[in-house]
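Work through these exercises with the structure in view. Try each task before reading its solution.

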Amino acid sequence: MRVDFAAFWLHKDGAEPSQYEDAFAPACVDDRPRTRLRCAVADGATESAYSRIWARQLVSEFASGRLTAPDLTELPLLGRRWARSVAQALARNESAAWYLEPKAADGAFAALIGLELTNVAHADDRGAYTAVALGDSCFVQVREDRPLRAFPLGSSAAFSARPILLPSRPTAADNFAGAISHDAGQWQSGDTFYVMSDALACWFLSVAERGERPWRAIDQFARADRSGFRKWIRLQQPTALKNDDVTLLRIVVR
Amino acid sequence: MPYAGEISRKNPSCFLFIVDHSASMEDPFASGTKRKCDGLAEVLNRFLYELAIKCAKEEGIRNYYDVGVIGYGATVESAFTGKLAARSLVPIADVANNPMRLDERPKETVTSSGEAVRRIVRVPVWFDPVAAGGTPMVKAFGLAASVLRGWIDAHPDAYPPAVVHITDGESTDGDPTVAMRGVTQMHTSDGNVLLFNVHISSDPHGKVLKFPSSADGLPDAYARMLYASSSYLTPFMCATARAQGLDVGDEAKGFVLNADLNLLVAALDIGTRASNPLR
């Protein structure tokens, strides 16, 4: 298979670009033939600190194939790596404010959607996908100008203000393992996968529910430069699209 | 739908505490020997500690809230001291970065290998106990109204301020009904100011009421006044209260009577909850 891959992102309005807490991987993909593509979007929780580090670790590990198990059993190892990164950051800061250490002790939280596309043997024009998700980052598969599949949330009404998220420091009270969901299906040449953090995913589904085609607006940006995407997002916020970090991976499979 | 506004750095919200510093706060809670003034100072310090941590990010504190604490007793004024002295509403970053002092306290933690480690942690303190003078509740609410008026004028579309009034006794400067109504009639475009009356008590025989939905069963005119002046809990606050095991109706009011320290903590937690996460 070949993929036409593009990534778009924008920090929330009123924040600095450095405060963008979503993450995605890979950053780019060339269009050479391949048998597999793994990609991920994570959305670090605003209410936790060092969630940017956590979100980046999650997508990087998933995209590189080191976060593989269906129930994400590698998470404790990742969590310990996150804790080491944070401890090093705190140790470097001799004048760290009193609140940083107790905040870090609470851990970081993130939503994650990971998508893997693979070839079917002896066929270039179709294949399979699997996906794992926790939280409200989603993908939508579009075929022949119609939405085919949305996962893990299938409607805009399913988005809530407080989704269950992946913790970097799970406690006995964290009930995330049972909330991890999986999906599997088929792709065929010409399908497009839109992998999105929650604000854009919720907008996408709500527009599609009205019988409109939100992917057409997005596809225009794939042909334009990134600044068009950013201007368009700001025009939608905060009425049509909630003010949040926004991330989009657009993957056309051929 | 009211009380659905975003709380963000662009659209901060506000917590205002009105706390009784009268001489009777020297008496202990009905359950135990802890003085009410000590319990109140502990609870306020703990609340600000947790609010600061909630708003903390690796780069510092984000100003999601402005916070004020009016103490009333021998004087009626901002209870902040030190660098924050006399300030009526203070952005949470300034609050977090300017405690009156940082105490060092031992804390035991367990490492990932199961080893218990004892170390010293820094704990901020903003308030020491105060118990002196009468209970000038009307004057305190008058000051609260002027503070809130300025804030609402500057933040007309914000998630509405939550006012938490903590007292152990009756007003000594007149009926506060009108002054309380003056506060709850203020509003932003997202709803009216929310007022929670938390009555704490030294009376071991006092009837304990938790977020009642009607005035039935209130023991006296004073309790009925506090009940009538209190705001209804938002649906999210009702859900939070139920999650804490409290039996509250859909029309529950932000009022508790004869609270002990645990109920005071629960009331603060419930009364300061917003449905939307911080942005």
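**Exercise 1.** In this predicted model, find which residues B:Ser22 touches, leaving out those up to four places away in sequence.

*Solution.* Start at B:Ser22 and look for its contacts. Two of them are B:Tyr72 and B:Gly73. The list goes on with B:Ala131, B:Ala132, B:Gly133, B:Gly134 and B:Thr135. B:Asp168 completes it.

**Exercise 2.** Place B:Ser22 in chain B, then decide: is B:Ser22 buried or exposed?

*Solution.* First, the place. B:Ser22 sits in a loop of chain B, between strand E1 (13-20) and helix H1 (36-54). Next, the accessibility. The relative value for B:Ser22 is 2%. Buried means under 20%. B:Ser22 therefore counts as buried.

**Exercise 3.** Describe the interface of chain B and chain A by its residues and its area.

*Solution.* Count the residues. Chain B brings 30 residues into contact with 28 residues of chain A. Then take the area. About 2,400 Å² is buried between the two chains. Carbon and sulfur atoms give 49% of that area.

**Exercise 4.** Find how many salt bridges cross this interface, and which element of chain B gives the most residues to the side that touches chain A.

*Solution.* The rule finds four salt bridges between chain B and chain A. One salt bridge joins the side chains of B:Arg119 and A:Glu101, at 2.7 Å from N to O. Polar contacts link 15 residue pairs between the chains, both residues at pLDDT 80 or more. Now the elements. Those giving two or more residues include H1, helix H2 (92-97) and strand E8 (116-125) of chain B. H1(B) gives the most, with four residues. Last, sort that side of chain B by class: 15 nonpolar, four polar and eleven charged residues.

Note on methods. Residues numbered from 1 in each chain as written. Chains lettered and ligands numbered in written order. Predicted model: local features only at pLDDT ≥ 70, side-chain atom pairs only at ≥ 80, totals over all residues. Heavy atoms only, no water. Buried < 20%, exposed > 50% of the residue type's maximum accessible area, 1.4 Å probe, protein only. Contact = heavy atoms within 4.5 Å. Buried area = accessible area lost by both parts, 1.4 Å probe. Polar contact = N/O pair within 3.5 Å; in protein donor to acceptor, adjacent residues only side chain to side chain. Nonpolar A, V, L, I, M, F, W, Y, C, P; charged D, E, K, R; others polar.
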